[in-house]
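Subject: Structure handover

Hello,

Here is the structure I said I would pass on. My notes come after it.

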Amino acid sequence: MAINIIICDEDRIGLKITTTYIEEFSQKYRVNSSINTYAETDDMFFNYIANNTIDIAFLDINYKHHNGLSLAKEIQKRSPWASIIFITELSEYALDAFQILAFGFLEKPIKQHLLEKIFIRAVVQAQSLHYRKIGSIIDFTADKISVSIRQQNIIYLEKLKQKTRIITNQKNYETYETLSSIEGRLDSSFLRINQSIIVNMLTISTFEQSTIILRTGETFKIGRTYYKKVKKAYADRPFWLI
């Protein structure tokens, strides 16, 4: 899922500079980002923030017809977990910015290394929130009992003869549901590495030739037909999974 980023600055040069940096950082850290830019706080801007969930917002404070602090509050109505980052020449507003729980405050002219640091922090928070929202709970039946567990607690899943074993941080479960059936309900952090094993990428320690080593010490061979897919998924995984 893409990280939804908006950048709003009536200073078109400043808007271009910030946008260029964010695009470069997104590419550098392999962040799947959707970036929308606004040189004016017009109807198009307000319609967008009212109808879309914003993950990260870069805002100036002083606009011709609006105050950046009030814009931040409007964004927070629809996107309460948005990371609001102010980029402005008006440093006297820093205290007011943090009183509305702004994620960060940068003064113009922008220092690239400071923007990069705050961008990374904001992306990590957004991706963490996405991870908790997408398929965070999975339900199944084990020993005739209905079980609900958090997907983030699953280390790996293993196909047995007529069952599937689910290995978690606290307990192991066995269910008659097929591995393929469960796979269809897992979120994007899970990766099938052969016919019998699905691993949680959060638990991968090392990828060596045709072998996956988990942080818990388990070692699994990658199936020949799965190798290219596993290698690509491992290489493309977001930096917050590393």
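The notes below take up a sheet, a cavity and one residue in turn.

Please keep in mind that this is a predicted model.

The sheet

The sheet is open and has 5 strands, which follow one another in the order β10-β9-β8-β12-β11. Pairing within it is antiparallel. At the edges are β10, covering 172-175, and β11, covering 190-192, and each of these has a partner on one side only. On average, and with direction ignored, neighbouring strands of this sheet are turned by 15 degrees against each other.

β8 has β9 on one side and β12 on the other in the strand order. With β9 (residues 164-168), β8 pairs in the antiparallel sense through 5 bridges. These two strands make a hairpin, and 4 residues lie between them. One of the facing pairs here is L157, opposite I166 of β9.

Towards β12 (residues 197-200), β8 (residues 154-159) is joined by 3 bridges, and the two strands again run antiparallel. Y156 has V199 of β12 as its bridge partner, while E158 stands opposite I197 of the β12 strand. As a general reminder, strands of a sheet pair through backbone hydrogen bonds, in either a parallel or an antiparallel arrangement.

The cavity

How many cavities of 30 Å³ or more does a search of the whole structure find? The search finds 1. The space in the largest cavity comes to about 40 Å³. Its lining consists of I7, C8, D9, T18, F58, L59, D60 and I87. Two strands, β1 (3-8) and β3 (56-59), each contribute at least two residues to that lining. By type, the lining residues of the largest cavity divide into 5 nonpolar, 1 polar and 2 charged.

I204

The last item is I204, which is part of strand β13 (residues 204-208). Is I204 buried or exposed? I204 counts as buried because its relative accessibility is 2%, and the cut-off for buried is under 20%. Along the chain, I204 and E218 are 14 residues apart, and their C-alpha atoms are separated by 9.5 Å.

If you want to go through the model yourself, β8 is a convenient place to begin, with its 5 bridges to β9 and its 3 bridges to β12. After that, the lining of the largest cavity can be found from β1 and β3.

Regards

Conventions
Residues are numbered from 1 along each chain as its sequence is written. This is a predicted model: local features need pLDDT of at least 70, side-chain atom pairs count only at pLDDT 80 or more; totals for chains, interfaces and linings use all residues. Side-chain values use heavy atoms; hydrogens and water are left out. Two strands pair if DSSP finds at least two bridges between them. Axes are lines fitted to C-alpha atoms, for helices over the stretch in contact, and angles run from 0 to 180 degrees between N-to-C directions. On a 1 Å grid over the protein atoms alone, a cavity is a set of points where a 1.4 Å probe fits but cannot get out, and a pocket is an open set with protein on both sides within 12 Å along at least five of seven lines; lining residues have an atom within 4 Å of a point. Grid points are joined across faces, edges and corners, and a volume is the space filled by probe spheres set on the points. Ala, Val, Leu, Ile, Met, Phe, Trp, Tyr, Cys and Pro count as nonpolar, Asp, Glu, Lys and Arg as charged, and the others, Gly among them, as polar. Buried means under 20% relative accessible area, exposed over 50%, partly exposed in between (1.4 Å probe, protein chains only).
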